[in-house]
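Hi everyone, and thanks for coming. I'd like to walk you through a structure that may be new to you, so please have a look at it while I talk.

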Amino acid sequence: MKRTIKKVAVIGSGIMGSGIACHFANIGVEVLLLDIVPNALNDAQKAKGLTLESPEVRNSIVNAHFQNAIKSRPAPLYHKNFASRISTGNLDDDLHKINSADWIIEVVTERLDIKQQVFEKIEKHRTPGTLITSNTSGIPIKHMNEGRSEDFQQHFAVTHFFNPPRYLKLFEVIPGPNCNPSVTEFLMNYGDLYLGKTAVLAKDTPTFIGNRIGMFGIQSLFHQIGEMGLTIEEVDKLTGPVLGRPKSATFRTVDVVGLDTLIHISNSLAKNLPDDECNHLFAIPDFISTMLENNWLGSKTEQGFYKRIKNEKGKSEILTLDLTSMEYRPKKNASFATLEKTKAIDSVKERIPILVNGSDKAGEFYRKNFSGLFGYIQNRIPEISDELYRIDDAMKAGFGWELGPFEIWDAMGVAEGIELMKSEGIQIATWLEKFISDGNTHFYTTKQGIVHYYDIPSSTYIVKPGQESFIILDSLRDDKTVWSNKDSIVTDLGDGILNLEFRTKMNTLGEGVLQGLNKSIDIAEKDFQGLVIGNQGANFSAGANIGMIFMMAVEQEYEELNMAIKIFQDTVMRLRYSSIPTVAAPHGLTLGGGCEISMHADKVVAAAETYMGLVEFGVGVIPGGGGSKEMTLRASDMFQKNDVELNVLQEYFLAIGTAKVSTSAYEAYDFGVLQKHKDIVVVNNNRLIAEAKKHALIMAEAGYTQPIQRTDIKVLGKQALGMFLVGTDSMQAGKYISEHDQKIANKLAYVMAGGDLSQATRVSEQYLLDIEREAFLSLCTERKTLERIQHMLTTGKPLRN
């Protein structure tokens with residue numbers, strides 16, 4: 001039967017419950033969030049003369065939890081207005097309302113007896129056929145649904161979200177023993193398509209896949225750190241970005257998650273996995289026990305492996321726990337010769353062999369760490385999963401690893417990994433011996449752009465499921481590259497659509513990328529139907545190459561700088577006025593020039609997690625790649641919808657002047673850098689390129705016509721300029737902005753007012769581009785601008801001077 005989800009009931013409003021509720025609200029679903037009625041009044045309620053029967057009291061727990069959630073950072077909602085999609089209530093007065101829910105999710109405390117009581121109450125009001133799932137992190141399903149009706153059990157599964165639900169992409173689906181296969185299929189598809197998750201089918205084993213492998217990794221490190229005499233800083237250096245993992249690496253991640261949470265999971269694994277060959281590693285080391293006794297649990301107690309203090313000068317300083325003395329000391333820098341060798345290598349896959357073959361302590365660490373990891377995952381199939389790719393997907397989506405364990409093994413070489421295991425005395429699994437004896441060398445292969453994985457039961461390679469919905473650029477480059485230079489690649493996506501991919505550090509925009517943009521348009525106009533601008537790096541683009549701008553400005557090569565800016569402007573204008581449809585697919589950081597490129601495409605298909613804005617004020621200039629012009633144009637288009645034109649223009653001016661960056665693609669609509677009438681948001685980042693291609697094809701097949709350049713942009717001249725200048729003067733006089741901030745703002749005011757025209761006038765895009773470029777160049781001659789650019793280059797942070 002066709003199943004649609006219009007309303008979800010979430011039972012339990014703690015951190016996870018409220019977070020799950022918020023994420024369903026993010027995708028437009030009505031949510032009912034319920035929790036218990038308090039059994040006693042707090043002091044504030046007593047002071048108000050309230051009783052336990054007062055409605056305000058009866059919903060106080062759920063409302064307090066929900067308000068704490070929506071105020072938390074990072075925000076659980078894509079947009080603050082989405083909170084209106086969630087209604088709250090309590091389990092005594094409002095549980096009957098779940099009869100209209102399409103999906104009921106239990107997120108109460110991790111105690112079997114409490115969950116069983118909740119399920120018994122739910123069954124009294126649940127409509128037959130309604131989905132019912134638990135967010136448990138490991139309580140066996142057979143115990144949770146014991147005594148429940150046949151219909152309940154047929155629609156019952158575990159849907160395990162990772163915290164925070166908006167940001168972590170892992171969605172483990174564990175069907176109950178009597179769960180209808182169609183329910184499992186629906187949950188897997190819904191997690192992917194609607195919730196934007198990597199849906200991973202797991203078995204009903206303790207902590208499922210992600211936490212099982214993740215906890216093994218953390219616990220083995222806890223034991224390894226003592227054996228090798230490593231410091232906390234050294235382990236975090238070795239297990240962070242160099243491996244394609246989050247900056248929080250190991251110990252900072254534990255601080256964020258909470259040491260008590262980690263201990264609870266470890267103890268559970270030690271108890272429930274007596275036959276696990278690495279059961280001994282789940283035992284809590286002495287230093288962890290000491291931290292627990294001292295209540296050093298991490299961020300929640302303001303100290304764990306790291307501790308932030310104010311030093312004698314009143315400045316914030318981070319201290320590190322010395323695991324030998326168990327005292328905090330100043331943080332030390334960690335460096336290794338092996339890591340230095342990988343600095344120029346962007347690909348994590350290419351780094352792995354260098355790291356493993358290092359002759360220093362780092363190399364020794366990786367050899368021990370990877371051999372242990374490989375030894376563990378070889379034995380988890382078929383215990384926790386029948387397919388090895390699910391283990392990789394779980395670690396990438398749940399823990400932010402760029403490469404999953406089997407992918408790391410592939411990057412090193414499977415045979416090399418086996419030799420490492422043997423050197424550490426680790427027995428090789430039978431299936432792995434057969435894998436090698438059959439002449440196989442990799443767990444994954446790519447054939448005609450399609451990824452295949454090694455299937456252990458059949459000893460053959462099988463197409464990895466779900467790829468029909470995705471486009472994986474890594475899998476296309478070998479066979480589908482049409483053109484490339486060192487900074488960009490043009491790839492044939494099929495069906496007449498090209499993709500331009502940036503390939504610079506942080507995908508910054510320089511000469512090579514602009515050459516790629518122009519070349520991709522040339523090729524598409526000649527032989528193809530449309531162009532997508534997208535990549536699958538961590539970020540779409542951090543903006544223009546400010547290092548190049550800095551060097552030109554310092555050397556006073558103003559003619560060359562003028563030409564460079566004009567080339568950027570001409571390129572984005574060509575993007576808009578080409579004869580083929582262009583679609584930008586931004587995600588992650590989409591700043592400055594990256595934002596300008598997106599704004600000039602015919603359509604933007606943005607990932608929900610897109611952090612977008614024109615941030616040039618931070619380095620002492622205005623948007624010079626068409627951004628100032630474009631915001632002026634967009635303000636002009638809004639004039640007819642609003643009688644107070646100055647107010648409209650001011651909103652667009654402030655979006656640039658305050659260097660606003662959206663916290664999601666939905667918020668980018670508010671700032672004017674995305675437009676609701678043409679740009680769309682995709683929740684699952686994995687689907688982004690495929691969705692962008694689809695829309696390029698739709699526009700092409702609908703009969704795309706090359707647009708005519710605009711000459712009808714209404715600018716307000718001296719009327720607007722006067723308003724802006726008075727405002728910036730007042731801000732500077734009140735010490736809210738510096739003199740240089742005022743100078744930058746006045747330059748932007750001049751551009752967005754259309755200059756000092758005596759009256760409102762219709763002007764062309766080229767007119768605005770010319771005065772935008774002139775203003776940008778004039779700011780590049782300022783010493784304070786150069787100081788800001790240099791500070792950004794050296795620290796990565798803006799300077800206010």
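Let me begin with one definition: a residue is called buried when its relative accessible area is under 20%, exposed when that value is over 50%, and partly exposed in between. Please also keep in mind that what you see here is a predicted model.

Let's try the definition out on Glu407. Is Glu407 buried or exposed? Its relative accessible area is 16%, and the cut-off for buried is under 20%, so Glu407 is buried. Glu407 has a partner, Lys396, and the two form a salt bridge in which the closest N and O atoms are 3.0 Å apart. This pair links distant parts of the chain, with Lys396 in helix H17, residues 388–399, and Glu407 in helix H18, residues 405–412. The two residues are 11 apart. Lys396 has a relative accessible area of 25%, so this residue is partly exposed.

How many salt bridges does the structure hold? There are 50 of them, and I'd like to show you a couple more. Arg390 and Glu387 bring their side chains together in one, at 2.6 Å from N to O. Both Arg390 and Glu387 are buried.

Now please move along to helix H32, which covers residues 765–780. Here a salt bridge joins the side chains of Arg773 and Asp770, with 3.4 Å from N to O. Why are these two about one helical turn apart? Because they sit three residues from each other in helix H32. Their surroundings can be put into numbers too: Arg773 is buried at 11% relative accessibility, whereas Asp770 is partly exposed at 32%. Elsewhere, salt bridges with shared partners tie Arg212, Asp276, Glu277, Arg380 and Glu383 into one network.

Let's turn to the strands. Strand S4, residues 103–106, pairs with S5 in the parallel sense, over four bridges. In that pairing, Trp103 stands opposite Leu131 of S5. Strand S5 itself spans residues 131–134. Which way do its side chains point? Leu131 and Thr133 point one way, Ile132 and Ser134 point the other way, and all of them are buried.

Next, the surface. Ile450, Ile462 and Val463 make up a nonpolar patch there, and together they have about 200 Å² of accessible area. One of these, Ile462, belongs to strand S14, residues 460–463. With a relative accessible area of 32%, Ile462 is partly exposed.

There is a charged patch to look at as well. Glu555, Glu557, Glu559 and Glu560 form a negative patch on the surface. Where does Glu559 sit? You'll find Glu559 in helix H24, residues 558–576. Its relative accessibility is 70%, so Glu559 counts as exposed.

One last stop is Gln650, in helix H27, which runs over residues 645–657. Gln650 is partly exposed, at a relative accessible area of 31%. In sequence, Gln650 and Met752 are 102 residues apart, while in space their C-alpha atoms are 9.4 Å apart.

That's the end of the tour. Thank you for listening, and please do ask if you'd like to go back to any part of it.

Key
Residues are numbered from 1 along each chain as its sequence is written. This is a predicted model: local features need pLDDT of at least 70, side-chain atom pairs count only at pLDDT 80 or more; totals for chains, interfaces and linings use all residues. Side-chain values use heavy atoms; hydrogens and water are left out. Patches are made of residues with over 30% relative accessible area and no salt bridge: like charges are joined within 9 Å, nonpolar side chains (Val, Leu, Ile, Met, Phe, Trp, Tyr) within 5 Å. Accessible areas come from the Shrake-Rupley method with a 1.4 Å probe; for residues, only the protein chains shown count as cover. A salt bridge is a side-chain nitrogen of Lys or Arg within 4 Å of a carboxyl oxygen of Asp or Glu. Buried means under 20% relative accessible area, exposed over 50%, partly exposed in between (1.4 Å probe, protein chains only). Lys and Arg count as positive and Asp and Glu as negative; His and the chain ends are not counted. The place of a charge is taken as NZ of Lys, CZ of Arg, CG of Asp or CD of Glu. Two strands pair if DSSP finds at least two bridges between them.
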